[in-house]
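Visitor: Please pick one stretch of this model and take me through it closely. I would like to follow how it fits with its surroundings.

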2 protein chains.
Amino acid sequence: MVEGGRGDIDDLPKNDANYTALTPLWFLERAALIHPQRKSIIHGSLQYTWLQTYQRCRRLASALAKHSVGLGKTVAVIAPNIPAIYEAHFGVPMAGAVVNCVNIRLNAPTIAFLLGHSLASVVMVDQEFFSLAEEALKILASDVKGTFKPPLLIVIGDENCDPGQLRDALDKGAIDYEKFLESGDPEYAWKPPKDEWQSIALGYTSGTTSNPKGVVLSHRGAYVMSLSGALIWGMTEGAVYLWTLPMFHCNGWCYTWTLAALCGTSVCLRQVSAKAVYSAIANEGVTHFCAAPIVLNTIASAPKDQTILPLPRQVNVMTAGAAPPPPVLSAMSKHGTYGLSETYGPSTVCAWKPEWDSLPLEDQARLNARQGVRYIGLEGLDVFDTEKQTPVPADGVTMGEIVTRGNSVMKGYLKNPEANKEAFANGWFHSGDLAVKHPDGYIEIKDRAKDIIISGGENISSLEVESFLYQHPAVFETSVVARPDEKWGESPCAFVTLKPGMEGSNEKDVAQDIMKFCRAKMPAFWVPKSVVFGPLPKTATGKIQKHVLRAKAKEMGPVKRSRL
Amino acid sequence: MVEGGRGDIDDLPKNDANYTALTPLWFLERAALIHPQRKSIIHGSLQYTWLQTYQRCRRLASALAKHSVGLGKTVAVIAPNIPAIYEAHFGVPMAGAVVNCVNIRLNAPTIAFLLGHSLASVVMVDQEFFSLAEEALKILASDVKGTFKPPLLIVIGDENCDPGQLRDALDKGAIDYEKFLESGDPEYAWKPPKDEWQSIALGYTSGTTSNPKGVVLSHRGAYVMSLSGALIWGMTEGAVYLWTLPMFHCNGWCYTWTLAALCGTSVCLRQVSAKAVYSAIANEGVTHFCAAPIVLNTIASAPKDQTILPLPRQVNVMTAGAAPPPPVLSAMSKHGTYGLSETYGPSTVCAWKPEWDSLPLEDQARLNARQGVRYIGLEGLDVFDTEKQTPVPADGVTMGEIVTRGNSVMKGYLKNPEANKEAFANGWFHSGDLAVKHPDGYIEIKDRAKDIIISGGENISSLEVESFLYQHPAVFETSVVARPDEKWGESPCAFVTLKPGMEGSNEKDVAQDIMKFCRAKMPAFWVPKSVVFGPLPKTATGKIQKHVLRAKAKEMGPVKRSRL
């Protein structure tokens, strides 16, 4: 009898024939069965078939199991987009353990924190990052002292790297990844989890101001998100996906698992460059890739000798962010998304409406730059008044916090009841992002809660000011924060990096020009009252550190009226 | 803590923010939110948008709730492919009840049995079938006498039908469907089921020899199957689907729900005709339809004046059965499937492999005529030795029973513990269909267990003999069964309907020609030793009644050697 069920019609229990855990692991078994000879992974000259990938993942699971790495254990992976990190997405949960892909741009102390916090039983590290891992483990050992049980250290070699690095690591006692696989059984009888709520992955948020938080995901959620990700994007059987998005970002937004469901092909890139992207598109049949706006910019602004144009086919691009597609990308069909680690990656998509087809391009761009509507796997999306915790009106003006609920929301933060309480208040996940809801139900992000500038009692979205600044021909990158202001309390302060070739310009002239440009486009109180040039401080993951800029703006002291 | 889980990493409970029932009802809410103005249903000149469909479904749920039709209750729908049967797929489960779509080709006593067996609280009936429903209810009332509580009787009008029918029904006290909707709240606050294992639909198998069995499906299974059906077929957002497949067949194989997930459009057909199909393809933008082989034949052999050719676009056809596509259908990309009511519709698909592209057409046809590999939502598919209950070798020769397991297997048969025990023996669902497993893992159906002919100790698949017979130019339809045989115990007996225009032929000559044709193509013992001409007996659902033919063949007495 089901919960709440009544009568004969619900009196039919689950059994082994009609119920099993939802887990993306099934996709891998199926891909190997249906397309054993199809390419699963291409990494330069190294290529695997789905049968090989399945066997390698079973070997990995088997080898981990032999080391008692199973239920409740965590395996950390520190690697760029290479086959081993893909394999870990299946091999680790096949053993019952949880995969934790670590951002390779983090520094050793932060990695030490993550490994200690997650009690990693195993660390799989790409040879290039071996010394980083070594350093992190040293810090961890000295932090925890006597109680420290060093994790199993496995080094992953890569033909494209210096063979000396690998030798060094092996000399220092690390286990060779390929040898480790050899010790496992390619026919390992993996089992789905007993309970699909079991954890499959752990990923740490980058946390610009506090300790990283460990986002825990379930087998069930990963299953739902994998299918949803394909459907939302119109990705079909046999898709060829280019990995510019790091797999350590929300498990490559779950496309790691989607590709197995679609029996598709992963094209790995150790390092993203315009040349490598164009070459993969031209030579490997790439149909889809996800890219941050900065990657799209790199592709778009690449010198001619690094491009291969025209593109040989329609390439579908999914991007998190609202940068308008440069002309060179017009052959790429762009999907905008918004999401967080806490929502398995994207939770909204700006679904295109046929009725927009006939609108002026400008209106199309404006509508399409919004974050949009909820994913299939997400059952609730709204914008809540931050005090009343009720939906804001769908007027395109009233700001509130984006909240989500449903099967593609994380299980919670690891060992962080305080943060969980706050994040899940009132049965909704609170994103901390501020948005408006348009009359058509599409949401549009206005800012991170703490990135709002309050000037003369009016809210200014630093994000909106930034988006105008990006339209100025000299601006390459910009970030706008609040600076104390004698008269208004706060006013916008723009930090700007100039476009390549413009570095020698007279900064004062450019600043004047930028302000003039802004005055023509936005309310006077939005116009940055200060413009500062130079490189922008970033986190290891490439996020601009607004808190550093806020501190800098504060240091500059209040804007004085005479300066205007 | 999850079942089997250990430690902090699994100690994160479900809450309202990160867990909700998987149910296709979410798809409808989402479609109405994202594409309120997009066409949801086209039924001749009657058209609805997704917002309207959502409101109509909420009205239906609300009106049902007002009549205390909720958890544990069943609503029967007796209708062809019209908007109301689509709406029932959402409105009924939104009220917590179970939708039971009844095959309109059944006779009154059978429908009486179904309504009594499922204890239908409501009967929604299309005006054309009102007298059928009336008769069934009369039989039911006289069967159960004093204890009979007549269901709420709702009649669905259709502008395309005789208005007198509707008036008659209303005069007899039936409730008008549109009036019923009006009594409901278009903003009804429906809730997902507390438990996704709750039943969403009930469908009766046609049961040629015994009482129909009621197949019960869950919200969870319907969710998984809806997404799987889209992914398997490469159906993407905004697909336009033509309803030739009746929605009362396995809930239109769950495409009812898939279309909401894709915010697609349903084009209804009250009656399937070549003209209507071509017209829908030409005028409504149809991208996909499912069709039984007989429907494909009708389309293919339509007189020129009923066709609109060439097709304006690629149309994707999903068909259950192995008929080779006639040349006129070459513009339709065909997917072959195999499935049962017990597996929410299709459970296998003959996934095309790129390596087949270069094979001779004949080999392509042979490979593609197989039933293939498992669906994404099905986690187990195998062929078991019927005695040992272990997998047969993948040799393409050894026959066994097709077994399946996973989330797209039914909850069970309603009030039928005996049948459930048999169907779910050993933790697998037993299909009763016989197949071989090829070296590439693809399965191929050989026969229903009881349709095997045993001749001189050798098994003959009546299906295989039939497939050869279909290649003979005079054969329109055929069914092959065992006939007692003096010498061999049994031998194949072919019942044949001739192609239109051939009815006047000399039957003896044609029979000789068919046998000669067979001798050139198949082992001698496979060749039908008797050929009988005439129309074939069929069930209400159009299935050939082999048991009738078997009885007829038996009556004919044993084949005598002198006849050969």
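**A close look within chain B**

Guide: Strand 18 (residues 400-405) of chain B runs antiparallel to strand 20 of chain B, joined to it by 4 bridges; strands (E, at least two residues) and helices (H or I, at least four) are DSSP runs, numbered from the N terminus, and two strands pair if DSSP finds at least two bridges between them. The model is predicted: local features need pLDDT of at least 70, side-chain atom pairs count only at pLDDT 80 or more, and totals for chains, interfaces and linings use all residues. Residues are numbered from 1 along each chain as its sequence is written, chains are lettered from A and ligands numbered from 1 in the order written, and side-chain values use heavy atoms, leaving out hydrogens and water.

Within the first pairing, B:T404 has B:F429 of strand 20 as its bridge partner. Strand 21 (residues 443-448) of chain B is also antiparallel to strand 20, through 5 bridges, and here B:A435 is partnered by B:I445. In the hairpin of strands 20 and 21 of chain B, 5 residues lie between the strands, and B:G441 takes a positive phi near 85 degrees. Strand 20 (residues 429-437) of chain B has 9 of its 9 residues buried (under 20% relative accessible area, 1.4 Å probe, protein chains only), so the rest of the structure largely encloses it.

Putting that together, strand 20 of chain B is bridged to strand 18 and to strand 21, and is largely enclosed because 9 of its 9 residues are buried.

Definitions and conventions:
Buried means under 20% relative accessible area, exposed over 50%, partly exposed in between (1.4 Å probe, protein chains only).
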